[in-house]
Amino acid sequence: MILALSRRLNRISLILFLGVSYAFVCGMDSTKQSDVEAHTIPANASERDPEGLLLAKQYCGNCHQYVPPEILPTEYWKVVLTKMSRYMGFVNNGARNMGHTPIAINRLDSAGIFPTSQIISNEDWQKLVLFYLNGSPETLDQGVRPAIDFNLKQFKRKVIPWKTPLQGPTFVKILADNKIAVGFSLLEEKNEFNIIDVNGHELLKRSIPSALTSIYQVNDELYMSFMGPFEADDTPSGIIGKVKSSSDLHITDSIAYILTNRERPIHLNVLDVNEDQRADLIVAEFGKFLGGLYLYMQNEAGGYDKKRIYNGPGAISTIIRDVNADGLPDIYALISQGNEGIYLFTNKGKGNFETKRLLQFPPYYGSVDMVLVDFDQDGIEDIIYSNGDSGDFGRPAKPFHGIRLFKGKGNQVFEEEWFYPQQGTYKSQVLDFDQDGDLDIAAIGFFAYGTAMPEEGFLYLENKGYKNDKVQFDTYSFEEAAASSFMVMDAGDIDGDGDMDLVLGASTSLMNLNEMIGQTLRWESTGGAVVLLENTLK
């Protein structure tokens, strides 16, 4: 996952613009009730300010799930409201401030993302702002955090001595015979595709057009998605490439660009959607304010006919299943970026899909990852969902970040069964790592770095079974995780010994200048951008 890098850059532009809305939001400190006064009124903002609640539901809840003020701290709301004011029409040239190129600006204007005039009065906007600032806490209570054993059980940590410059891996994949495929981001938008071994030897080095986000191999053809520049923008510059490849991903030919000008593609699947014996593409294009989930159907001439499955930004991952056993592939999709949720797109044939939203999440969750797996072994697949992105509006610690299990009840009904807190959760691997018959979880917490809980940057949750109908975990990590910022992860049997190992890829994108320099010097002298956790079970 690399959307956090661009989201971080996006955050800078959101808080620096001038306008009426910024004055409203940032000039409210003097009007916020004092702590003494706050103790004399109900804690719930909706109870003490019903008019503000009505405005919030009318103007904010119209686009996404309503968010109560007490969910987020006051300083966070100032930035959020500054951004949201654009959607209220306070900045008439909003598209010009939010687009970095003429193409992006024109696309935003054409789509009508930002109103050209105010849709709310100054008086009502001020009431709405005060509703959030007066109803929000200064800080968030993080609750009781799980105890972590830093003597990482079952895994041996090995720093891969591959000497690298900034910024870090955007993609990692475990290969056989002690090899690892790495998509690596350097400086000045230079990117590489590398194959290395566990001893740090570089076996392949190829320049690629931009950050590698996903791959999909079909026989001897390797499909690759390249996001485009890190900086979040609606200039469509992503690419889908294809190249001949061996099973160990070694490529010798030039990468053919089969789709260009894409909206920041994050994830792809390759399959025959419409039963014409040709490989079609399902591409999650995250975008920024625009984007979507797209089907590219290969035609007789070898080109691709584009069809939108979901319209809107935030498409981040897809999983293919035949949910109704009709022989046609259906799509589960995770959507982030405001209107967050998990959707099922049921294949009706000939490239047509029926849409059903299975789960809806609040817009502040920061959805990043989902896994479909029968976690409790009852014959019905469940959803392991990870939410921990903090890239848009600053990085205060958030007690709702973590891993959730939504239990499958049948007929595509899912209900949340448990939540395990982890700061900045970014990806989960759900496998039987200890081979005791149940499923364990390895999870990276990219946005744990820089918070009061950096040790949650990596967690291994060993499943200890159910007690009183609640799953129990023993939690492990390693001390060095607190000084890293793991953004990508993969699981596989790297050494062929029959158990599952882990590879983690670190990033410098969340570090300040001094931290970044120090990390870079270490990576260039001894390695460390890629870390192997070798399973010692066998």
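# Exercises on a predicted model

The largest nonpolar core has 88 residues. A nonpolar core is a set of buried Ala, Val, Leu, Ile, Met, Phe, Trp, Tyr and Cys residues joined through side-chain atoms within 4.5 Å. Buried means under 20% relative accessible area, exposed over 50%, and partly exposed in between (1.4 Å probe, protein chains only). The model is predicted: local features need pLDDT of at least 70, side-chain atom pairs count only at pLDDT 80 or more, and totals for chains, interfaces and linings use all residues. Residues are numbered from 1 along each chain as its sequence is written, and side-chain values use heavy atoms, with hydrogens and water left out.

## Exercise 1: the core

Find which residues have the most contacts inside the largest nonpolar core, and which helix gives the most to it.

*Solution.*
- Step 1. The residues with the most contacts inside this core are Leu128, Ile342, Ile383, Phe458, Phe486, Leu502 and Leu533.
- Step 2. Helix α9 (residues 122-135) gives the most to this core, with six residues. Helices (H or I, at least four residues) and strands (E, at least two) are DSSP runs, numbered from the N terminus.
- Step 3. Take Leu533. Contact means heavy atoms within 4.5 Å. Leaving aside neighbours within four places in sequence, Leu533 is in contact with Leu152, Phe155, Lys156, Arg157, Phe458, Phe478, Asp501, Leu502 and Leu504.
- Step 4. Set this beside a general tendency: in soluble globular proteins, nonpolar side chains tend to be buried together.

## Exercise 2: an enclosed strand

Work out how strand β19 (residues 382-387) sits in the structure, and name its partners.

*Solution.*
- Step 1. Six of the six residues of β19 are buried, so the strand is largely enclosed by the rest of the structure.
- Step 2. In a regular strand the side chains alternate between the two faces of the sheet.
- Step 3. Sort the residues by face. Asp382, Ile384 and Ser386 are buried on one side, and Ile383, Tyr385 and Asn387 are buried on the other.
- Step 4. Look at one partner. Strand β18 (residues 367-373) runs antiparallel to β19, joined by six bridges. Two strands pair if DSSP finds at least two bridges between them. Ser367 stands opposite Asn387.
- Step 5. Look at another partner. Strand β20 (residues 402-410) pairs with β19 over five bridges, again in the antiparallel sense. Here Ile384 stands opposite Leu405.

## Exercise 3: two open sheets

Give the strand order, edges and twist of each four-stranded open sheet described here.

*Solution.*
- Step 1. One sheet has the order β6-β7-β8-β9, with antiparallel pairing. Its edge strands are β6 (212-218) and β9 (256-262), each pairing on one side only. The twist averages 15° from one strand to the next. Axes are lines fitted to C-alpha atoms, for helices over the stretch in contact, and angles run from 0 to 180 degrees between N-to-C directions.
- Step 2. Zoom in on β7 (residues 221-226) and β8 (residues 238-244), which pair over six bridges. Glu221 has Lys244 in β8 as its bridge partner.
- Step 3. Another sheet has the order β10-β11-β12-β13, also antiparallel. Its edges are β10 (265-271) and β13 (304-311), each pairing on one side only. Its twist averages 20° from strand to strand.
- Step 4. Strand β12 (residues 292-298) pairs with β13 over seven bridges. Leu293 stands opposite Tyr310 in β13.

## Exercise 4: a loop residue

Is Leu249 buried or exposed, and what does Leu249 touch?

*Solution.*
- Step 1. Leu249 lies in the loop between β8 and β9.
- Step 2. Leu249 is buried, because its relative accessible area is 2%.
- Step 3. Its contacts beyond four places in sequence include Lys173, Leu175, Ala181, Phe193 and Ile195.
- Step 4. Compare two separations. Leu249 and Ala181 are 68 residues apart in sequence and 7.6 Å apart in space, C-alpha to C-alpha.

## Exercise 5: the faces of a helix

Which residues of helix α5 (residues 50-59) are buried, and how are they arranged?

*Solution.*
- Step 1. The buried residues are Gly52, Leu53, Leu55, Ala56 and Tyr59.
- Step 2. Seen down the axis of α5, they fall within an arc of 165°, so they line one face of the helix. The arc is that of the directions from the helix axis to the C-beta atoms.
- Step 3. On the other side of α5, Pro50 and Leu54 are exposed.
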